[in-house]
Amino acid sequence: PTITALEESFRRFAIHGDTRATGKDMNGKNWSKLCKDCGVIDGKGITLTDVDIVFSKVKSKSARTITYSQFKEALAELARKRFKDKSSEDAAQEVYRMIEGKSPVISGVTVKAVASPTVSRLTDTTKFTGSHKERFDKTGRGKGKAGRVEVVDASGYVSGYKHAGSYEKKVSKPPQKPM
């Protein structure tokens, strides 16, 4: 059987964030996400609460997920609320169109955290003092383990010796004959 664009979207949302999901049924969390991402929830006619209520209404008593047919039923229910002036059929089609071909929006990727002045002051590595200062380089990047742990240098050179590793070069040169 050919999959409709609507069913395709249903599947994409059904498996979102759930590695075990088969795509045959959808949990409440992903149902809410679908309604949010596809703009079914408009904050006026349809709120997150409405979406939750409809989900509880269409699912089987003991089930925690809805099937594709229940999903369509739930959409039809929301459609009547969202497009009050249209017939049930038209309203449902309208809502289907909002969902067809959509994929879950991965949120939080583009959202940049707004740093308050307090936080930026506390995280400004240039103002750090004492041992904390040593954990960051000039650019403010953390040095990781090197900044926290005394790294034992077992090379045999005294710390601060600039020409480490140059001895072999001097020895391996064939002795120049004095001119």
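1. A word on terms before we start: contact here means heavy atoms within 4.5 Å. With that in hand, take cysteine 35, which lies in helix 2. Leaving aside residues up to four places away in sequence, cysteine 35 touches Val40, Ile41, Val51 and Leu78. Please keep in mind throughout that this is a predicted model.

2. Is cysteine 35 buried or exposed? Its relative accessibility is 0%, so cysteine 35 counts as buried. There is also a long-range neighbour to look at: the C-alpha atoms of cysteine 35 and methionine 98 are 9.4 Å apart in space, while the two residues are 63 apart in sequence.

3. On to the sulfur chemistry. How many disulfides does the structure hold? The count is zero. For cysteine 35, the closest cysteine sulfur belongs to cysteine 38 and sits 7.7 Å away, which is too far for a bond. A disulfide would call for a pair of cysteine sulfur atoms within 2.5 Å. Seen from the other side, cysteine 38 has its closest cysteine sulfur in cysteine 35, at 7.7 Å, again too far for a bond. Cysteine 38 is buried as well, with a relative accessible area of 7%.

4. Stepping back to the whole chain, you will find nine helices and two strands. Read along the sequence, these follow the pattern α-β-α-α-β-α-α-α-α-α-α. The protein chain has 179 residues, of which 24% count as buried. Looking at contacts between residues at least 6 apart in sequence, 50% join residues at least 24 apart.

5. Now for the helix packing, pair by pair. Two packed helices are described by the angle between their axes and the distance between the axes. Helix 1 covers residues 5-14 and helix 2 covers residues 28-37; their axes come within 9 Å and cross at roughly 125°. Helix 1 and helix 2 are therefore oblique to each other. The crossing of this pair is right-handed.

6. Which residues of helix 1 and helix 2 meet? From helix 1 come Ser9, Phe13 and Ala14, and from helix 2 come Asn30, Lys33, Leu34 and Asp37. Sorted by class, this contact of helix 1 with helix 2 has three nonpolar, two polar and two charged residues.

7. Helix 1 offers one more residue worth a visit: arginine 11 is found there. Arginine 11 counts as partly exposed, at 34% relative accessibility. Not counting residues up to four places away in sequence, arginine 11 touches Ile3 and Gly23. Threonine 22 is eleven residues from arginine 11 along the chain, and their C-alpha atoms are separated by 8.2 Å.

8. Helix 2 also packs with helix 3, which spans residues 48-58; the angle is about 135° and the axes are 10 Å apart. That makes helix 2 oblique to helix 3. Here too the crossing is right-handed.

9. Our cysteine from the opening point returns in this second pairing. Cys35 is among the helix 2 residues in the contact, along with Gly28, Trp31, Ser32 and Lys36. On the helix 3 side, they meet Leu48, Val51, Asp52, Val54 and Phe55. By class, the residues of the contact of helix 2 with helix 3 divide into six nonpolar, two polar and two charged. Val51, as noted for cysteine 35 above, is one of the residues that cysteine touches.

10. The last pair is helix 4 (residues 68-82) with helix 5 (residues 88-99), packed at an angle of about 110° with axes 8 Å apart. That makes helix 4 roughly perpendicular to helix 5. Angles of 65 to 115 degrees count as roughly perpendicular. The crossing of helix 4 and helix 5 is right-handed.

11. What does helix 4 bring to its contact with helix 5? The helix 4 side consists of Phe71, Lys72, Leu75, Ala76, Ala79, Arg80 and Arg82. These meet Ser88, Ala91, Ala92, Val95, Tyr96, Met98 and Ile99 in helix 5. By class, the contact of helix 4 with helix 5 has ten nonpolar, one polar and three charged residues. Met98 in helix 5 is also the residue whose C-alpha lies 9.4 Å from that of cysteine 35.

Conventions:
Residues numbered from 1 in each chain as written. Predicted model: local features only at pLDDT ≥ 70, side-chain atom pairs only at ≥ 80, totals over all residues. Heavy atoms only, no water. Axes fitted to C-alpha atoms, helices over the stretch in contact; angles between N-to-C directions. Helix = DSSP H or I, 4+ residues; strand = E, 2+ residues; numbered from the N terminus. Parallel < 35°, antiparallel > 145°, perpendicular 65-115°, else oblique. Left-handed = near helix turned anticlockwise from the far one by under 90°. Nonpolar A, V, L, I, M, F, W, Y, C, P; charged D, E, K, R; others polar. Buried < 20%, exposed > 50% of the residue type's maximum accessible area, 1.4 Å probe, protein only.
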